[in-house]
Amino acid sequence: LAVAAQGTVDFSSGELDYYGDYENAFVAPDLDGCAPGCRDEWLDDGECDEACNVADCSFDGDDCYAGYGECYTDSDGGDYRGTVSHTRSGPECQMWSHQWPHTHSKTHVNFPHAGLGGHNHCRNPDGDFSPWCFTADPDLRWDYCDVPAVSKVPCNSTLGPWPVNLTTISLNTMVSSVAREHEYMYFHVPIPAEIYFIKIVVVPTNGDPDFFVSFSQELPTGANYTFMQERVGVDEFSIGRENSYFCGGKGGACTLYLSVLAYDEVTSFHLIVYGVEKKYFAKSKNETAARMPVLLCEAGCEWLDIGNGECNPQCNNSACFWDRQDCAADATGCKADCHPDWIGDGYCDEACFNAKCHWDRRDCLERGQKPCADDCMPSLLGDGECDAPCNTETCEYDRGDCFHEHDECFTRDDGADYRGRVSTTRGGVACQAWSEQTPQAHVKTHAAYPRSGLGGHNFCR
């Protein structure tokens with residue numbers, strides 16, 4: 001792999017060098033802003049960013065609640081935005097933006113209105129008894145904090161109403177939107193009683209959008225969603241009335257609640273929610289639901305194939321976004337979501353970690369490491385979760401996370417501790433992988449049940 005110029009990559013050269021000029025591969029922190037690592041667009045953007053939470057950056061404007069005071073009025077301290085940063089038992093609090101010494105899901109992304117982020121002040125994001133925090137002590141995961149008593153009079157500083165980017169959209173209509181980093185864009189979709197099946201498709205034009213689905217939570221986030229899709233690139237999700245979660249299992253008309261999250265940068269995307277009646281399936285009984293022309297941008301073009309690095313002439317049209325440039329004369333074979341100037345830029349990009357994109361060159365690999373499978377980031381190996389991309393022999397089945405070395409022994413009467421490899425039902429039907437949402441949409445995921453042995457495999461549990 002040759003570097004043609006700074007920020008560009010020549011794919012035409014010979015054998016791949018994973019590491020290249022390894023010692024000079026790292027990019028210095030951005031020094032153009034008010035502090036190293038603090039981008040100007042992060043200031044006062046609604047999220048407390050650790051790099052900006054310094055005096056030179058005015059403590060990220062209002063985002064880190066500097067000077068807010070210790071006053072709060074909610075009985076459980078849900079609106080506490082003070083600076084107490086140690087537990088009542090003494091240990092200092094861990095930063096909410098850190099995943100060490102304790103990993104957790106109480107992040108700004110999942111609880112965007114809870115005052116979390118790049119600080120270690122006590123908060124109550126989840127409706128607990130009172131403000132608390134994870135601790136910096138590896139032996140004590142969390143504890144409550146001794147914050148001042150709740151105020152019986154209004155505070156000088158009060159939390160205003162949270163701005164919500166909410167749009168009501170119609171079925172079978174393509175819409176476009178843009179979100180800032182870690183910002184949710186919310187959509188409400190009325191579902192008439194005659195609609196039997198829906199399919200959601202999100203097509204990124206820039207960035208990495210994740211989306212969250214619910215029929216019960218009007219503003220679904222990473223903390224209260226029913227279904228979540230976080231695939232890099234074009235993503236989709238389907239569900240029909242035979243699923244008990246559709247319209248809450250009540251039948252009749254309802255509203256689909258949907259949010260799209262800009263995961264790690266400013267993100268622009270297109271969104272469409274298809275809806276079809278039951279009679280449509282009778283006319284197309286010889287085709288699977290996902291392949292029916294009305295649920296595709298064009299007959300013969302699967303949504304998930306768009307921008308995968310391979311030119312499909314049936315996708316090379318305006319309705320299918322010109323196959324996201326896979327058929328362009330200068331196409332490299334790399335996936336559309338991996339920008340050419342990202343490869344070898346010193347930052348590990350998930351979208352580029354595959355053979356077609358030359359494994360993001362050295363950016364995701366320590367010296368001596370080699371890739372084992374497309375999309376199996378080194379950080380996923382042996383992390384306690386069976387990751388589907390890593391569940392291959394070349395990756396040692398995710399270094400044991402996918403249970404290929406387990407026997408069939410279990411001790412609990414209900415089999416909750418079964419970690420064997422049976423992968424068919426007693427009726428002989430092959431099991432669906434727990435990490436997949438098709439053909440059956442479900443909520444039995446590793447994220448929801450992290451100790452149940454689920455993930456990127458189809459073994460019975």
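This briefing describes the strand pairing and the nonpolar cores of the structure shown above. The model is predicted. It contains an open sheet of four strands in the order 6-13-8-11, with antiparallel pairing, and a largest nonpolar core of 30 residues. Strand 9, which joins strand 12 through six bridges, is mostly covered, with six of its six residues buried.

**The four-stranded sheet**

- The edges of the sheet are formed by strand 6, residues 175–179, and strand 11, residues 235–240, each of which pairs on one side only.
- From one strand to the next, the twist of this sheet averages 20°.
- Strand 6 is paired with strand 13, residues 267–277, in the antiparallel sense over five bridges, and within this pairing A179 has T267 of strand 13 as its bridge partner.
- As background to these pairings, strands of a sheet pair through backbone hydrogen bonds, either parallel or antiparallel.

**The nonpolar cores**

- Within the largest nonpolar core, the residues that touch the most other members are F187, I191, I198, I200, L256, L271 and V273.
- Two or more residues of this core come from each of strand 6, strand 7 (184–191), strand 8 (195–206), strand 9 (209–214), strand 11, strand 12 (254–262) and strand 13, and the largest share, five residues, is given by strand 12.
- Once its neighbours within four places in sequence are left aside, F187 is in contact with L166, T167, I169, V175, S177, L256, Y257, L258, V260, F269 and L271.
- Another core, of 16 residues, lies apart from the largest one, and its members include I272, C301, W303 and C320.
- Such groupings fit a broader tendency, since in soluble globular proteins nonpolar side chains tend to be buried together.

**Strand 9 and its partners**

- Both faces of strand 9 are covered, with P209, F211 and V213 buried on one side and D210, F212 and S214 buried on the other.
- The division into two sets can be read against the general rule that in a regular strand the side chains alternate between the two faces of the sheet.
- Strand 9 and strand 12 run antiparallel and are joined by six bridges, and S214 has Y257 of strand 12 as its bridge partner.
- Strand 9 also pairs in the antiparallel sense with strand 10, residues 227–229, over three bridges, where the bridge partner of F212 is M228.

Definitions and conventions. Residues are numbered from 1 along each chain as its sequence is written. This is a predicted model: local features need pLDDT of at least 70, side-chain atom pairs count only at pLDDT 80 or more; totals for chains, interfaces and linings use all residues. Side-chain values use heavy atoms; hydrogens and water are left out. Two strands pair if DSSP finds at least two bridges between them. Axes are lines fitted to C-alpha atoms, for helices over the stretch in contact, and angles run from 0 to 180 degrees between N-to-C directions. A nonpolar core is a set of buried Ala, Val, Leu, Ile, Met, Phe, Trp, Tyr and Cys residues joined through side-chain atoms within 4.5 Å. Buried means under 20% relative accessible area, exposed over 50%, partly exposed in between (1.4 Å probe, protein chains only). Contact means heavy atoms within 4.5 Å.
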